[in-house]
Amino acid sequence: QVQLVESGGGLVQPGGSLRLSCAASGSIFSINAMGWYRQAPGKQRELVAAITSGGSTNYADSVKGRFTISRDNAKNTVYLQMNSLKPEDTAVYYCNAGGSLVSGTEFGSWGQGTQVTVSS
């Protein structure tokens, strides 16, 4: 009922930058928190950054000072600006959003994931 479509992944050299986008669509009434998670091969999925509808943010310690999460509430879109990328940032990045549908039902949805590879 809610679709999240991510874009912006790819291959980048260490020290480079990428910007991920995630657009939510469907019978959405409101979105509370939106966030980015990542999962590297052989590892558990972990929270990278999250942002509330009011703009409060939190980050994993490993990305503080390098990544910035932002959102456009009018477009139901969340962004992740990633700077000073390191090889250990290589992972599949997933978008997550939770909120309420027009019907009043709450939802929680995941995107399909986008690959980020940091390598020389």
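In this predicted model, Arg 38 stands opposite Glu 46 in strand β5, and this pair of residues is a convenient place from which to start reading the fold. The strand pair concerned consists of β4, residues 28-39, and β5, residues 46-51, which run antiparallel and are joined by five bridges. Between β4 and β5 the hairpin has six residues, and among them Gly 42 takes a positive phi near 80 degrees.

Following the chain onward, β5 also pairs in the antiparallel sense with strand β6, residues 57-59, over three bridges. Here Ala 50 stands opposite Asn 58 in β6. The hairpin formed by β5 and β6 has five residues between the strands, and Gly 55 in its turn has a positive phi of about 100 degrees.

**The four-stranded sheet**

Another part of the model is an open sheet of four strands, arranged in the order β1-β3-β8-β7 with antiparallel pairing. Its edge strands are β1, residues 2-7, and β7, residues 67-72, each of which pairs on one side only. On average, neighbouring strands of this sheet are turned by 15 degrees against each other, if direction is ignored. On the β1 side, strand β3, residues 18-26, runs antiparallel to β1 and is joined to it by six bridges, with Glu 6 standing opposite Cys 22 in β3. On the β7 side, strand β8, residues 77-82, pairs with β7 in the antiparallel sense over six bridges, and Phe 67 stands opposite Met 82 in β8.

The pairings described so far can be set side by side in a small table.

| Strand pair | Bridges | Sense |
|---|---|---|
| β4 and β5 | five bridges | antiparallel |
| β5 and β6 | three bridges | antiparallel |
| β1 and β3 | six bridges | antiparallel |
| β7 and β8 | six bridges | antiparallel |

**The two faces of β1 and the position of Val 5**

In a regular strand the side chains alternate between the two faces of the sheet. In β1, the covered face carries Val 2, Leu 4 and Glu 6, while the uncovered face carries Gln 3, Val 5 and Ser 7. Does Val 5, which lies in strand β1, count as buried or exposed? Because its relative accessibility is 51%, Val 5 counts as exposed, the cut-off for that word being over 50%. Leaving aside residues up to four places away in sequence, Val 5 touches Ser 21, Cys 22, Ala 23 and Gln 112. Pro 87, by contrast, is 82 residues apart from Val 5 in sequence and 25 Å apart from Val 5 in space, C-alpha to C-alpha.

**The chain as a whole**

Taken together, the protein chain has zero helices and 11 strands. Its C-alpha trace spans about 50 × 25 × 20 Å along the principal axes. For 120 residues, a compact globule would be expected to have a radius of gyration near 14 Å, and the protein chain has 14 Å, so the two agree. Of these 120 residues, 42% count as buried. The accessible surface of the protein chain comes to about 6,200 Å², and 47% of this surface belongs to carbon and sulfur atoms. Finally, among the contacts in the protein chain with a separation of 6 or more, 54% are accounted for by residues 24 or more positions apart.

Notes:
Residues are numbered from 1 along each chain as its sequence is written. This is a predicted model: local features need pLDDT of at least 70, side-chain atom pairs count only at pLDDT 80 or more; totals for chains, interfaces and linings use all residues. Side-chain values use heavy atoms; hydrogens and water are left out. Two strands pair if DSSP finds at least two bridges between them. Axes are lines fitted to C-alpha atoms, for helices over the stretch in contact, and angles run from 0 to 180 degrees between N-to-C directions. Buried means under 20% relative accessible area, exposed over 50%, partly exposed in between (1.4 Å probe, protein chains only). The radius of gyration is taken over C-alpha atoms; the globule rule is 2.2 Å times the number of residues to the power 0.38. Contact means heavy atoms within 4.5 Å. Accessible areas come from the Shrake-Rupley method with a 1.4 Å probe; for residues, only the protein chains shown count as cover.
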